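Me: I would like to learn how to read the features of a model like this one. Can we go through them in turn?

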Amino acid sequence: MAKVKPKNNVEIKKMEAAGKLAAETLDMIAEHVKPGVSTEELNTLCHNFIVERGGIPAPLNYRGFPKSVCTSKNEVICHGIPSEEDILADGDIVNIDVTAIVDGFHGDTSRMFFVGNVSKERQQLVKDTYDAMMLGINTVRSGSMLSDIGKAIQEFAEAKGYGVVRDYCGHGIGRIFHEQPMVLHYDPKDPRLDMRLRKGMTFTIEPMINVGTYDGITLDDDWTVITADGKDSAQFEHTIVVTDTGCEILTKSPKGLDCPPYSA
Ligand code: MF3
Ligand code: CO
Ligand code: CO
């Protein structure tokens, strides 16, 4: 795999600031996610929150993406585009994916949110997806293999009958939004895609887990990816930095709102 340069301490401090702002944005939005709200309103709230704190929402105009966050509901795997016409309804599950740039560095994180009363099945998918992400994160330390992440996620998710999305992956992150390495959430059994992790490497882990097939279809808007079988999909994402003994999660929720239900 291409060489991946670890960040120095100054760079990691900046990654911490970016990760914190992204996480705070998701903390802020939690109470606004309810039936009747449009994803456009959620987009505007996130956009303003980031800009008011001196950040830049990275998705806006990124490769032509038209909004400041991604909002991916129910059967949408990822890259859902916020819209006034997209109104949250009781029982929906929605992923909000925030990437903030602070002082030139990116922090990228997403969480699922429950809209009103959500079925047991959907709640279970969301919990399992969070657990899958954390199992991947917990493999990471200086000296561990990149592929350990995907192995842990795939083993857990497939044992429960889920499909692990292949077409989108986690990614190195820093001054550049998406850089090396590619962080697969399954094991491609290809040594060319593997590498030994080193202290200071920064990347995301962001598994997309489907109730049915892992295959997706991109809609005519050229962004929105839905499951090929129309079944539900969920995703969580953290940005992390590798340390000697494990990793530091740069996008942890300051309010402890990492996984729903957020008010019990
Ligand atoms: N935040 C997404 C990720 O996790 C990327 C969104 S790209 C966009 O990598 F253009 F759709 F915003
Ligand atoms: Co990402
Ligand atoms: Co993201």
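Reply: Start with a metal site. This is a predicted model, and the site of the cobalt ion (ligand 3) is irregular, with angles of 58 to 164° among its 6 donor atoms.

Me: Which protein atoms are the donors of the cobalt ion (ligand 3)?

Reply: Asp97 gives two OD atoms, Asp108 an OD and Glu237 an OE, at 2.1 to 2.4 Å from the ion. Along the sequence these donor residues are spaced D-x10-D-x128-E. Asp97 belongs to strand E4 (residues 93-102) and Glu237 to the loop between strand E13 (233-235) and strand E14 (238-242), so the pair ties together parts 140 residues apart in sequence. Asp97 and Glu237 are both buried.

Me: Which are the protein donors of the cobalt ion (ligand 2)?

Reply: Asp108 (OD), His171 (NE2), Glu206 (OE) and Glu237 (OE) lie 2.0 to 2.2 Å from that ion. The geometry is again to be read from the angles: they run from 52 to 161° among 6 donor atoms, and the site is irregular. The spacing of the donors along the chain is D-x62-H-x34-E-x30-E.

Me: How far apart are the cobalt ion (ligand 2) and the cobalt ion (ligand 3), and which residue coordinates both?

Reply: They are 3.3 Å apart, and Asp108 coordinates both. Distant parts of the chain are linked here as well: His171 sits in strand E7 (residues 170-172) and Glu237 in the loop between E13 and E14, 66 residues apart.

Me: Why do His171 and Glu237 count as buried?

Reply: The test is a cut-off: buried means under 20% relative accessible area. His171 counts as buried because its relative accessibility is 6%, and Glu237 because its value is 1%.

Me: Now the other ligand. Which residues are closest to ligand 1?

Reply: Of the 14 residues that surround ligand 1, the closest are Pro59, His171, His178, Glu206 and Glu237. For polar contacts, look at the distances between polar atoms. An oxygen atom of ligand 1 is 2.7 Å from a side-chain N or O atom of His178. For Glu237, a polar side-chain atom lies 2.9 Å from an oxygen atom of the ligand, and for His171 the corresponding distance is 3.1 Å.

Me: What should I look for in a nonpolar core?

Reply: In soluble globular proteins, nonpolar side chains tend to be buried together. Here the largest nonpolar core has 33 residues, of which Val140, Ile149, Leu197, Phe203 and Ile205 touch the most other members. At least two residues each come from strand E5 (105-114), helix H3 (120-137), helix H4 (146-159), strand E9 (202-205) and E14. H3 supplies the largest share, 7 residues. Apart from this core lies another, of 23 residues, including Ala18, Leu21, Ile96 and Val115.

Me: What does Ile205 touch, not counting residues up to four places away in sequence?

Reply: Its contacts include Met133, Val140, Ile149, Phe236 and Ile240. Glu237 is also among the residues touched by Ile205, and Glu237 is a donor to the cobalt ion (ligand 2).

Me: One last residue: is Cys46 buried or exposed?

Reply: Cys46 is buried, with a relative accessible area of 0%. The residue lies in helix H2 (residues 39-52). Leaving aside neighbours within four places in sequence, Cys46 is in contact with Thr25, Met28, Ile29, Val69 and Val98. Its C-alpha is 8.5 Å from that of Pro57, which is 11 residues away in sequence.

Definitions and conventions:
Residues are numbered from 1 along each chain as its sequence is written. Chains are lettered from A and ligands numbered from 1 in the order in which they are written. This is a predicted model: local features need pLDDT of at least 70, side-chain atom pairs count only at pLDDT 80 or more; totals for chains, interfaces and linings use all residues. Side-chain values use heavy atoms; hydrogens and water are left out. Donors are N, O and S atoms within 2.8 Å of the metal (3.2 Å for Na, K and Ca); water is not among the atoms, so sites may look incomplete. Four donors count as tetrahedral if all angles lie between 85 and 135 degrees; four count as square planar and six as octahedral if opposite donors are over 155 degrees apart and all others between 65 and 115; anything else is irregular. Helices (H or I, at least four residues) and strands (E, at least two) are DSSP runs, numbered from the N terminus. Buried means under 20% relative accessible area, exposed over 50%, partly exposed in between (1.4 Å probe, protein chains only). A nonpolar core is a set of buried Ala, Val, Leu, Ile, Met, Phe, Trp, Tyr and Cys residues joined through side-chain atoms within 4.5 Å. Contact means heavy atoms within 4.5 Å. A residue is near a molecule or strand if one of its heavy atoms lies within 4 Å of it. A polar contact is a pair of N or O atoms within 3.5 Å; within protein, one must be able to donate a hydrogen and the other to accept it, and residues adjacent in sequence count only if both atoms are side-chain atoms.
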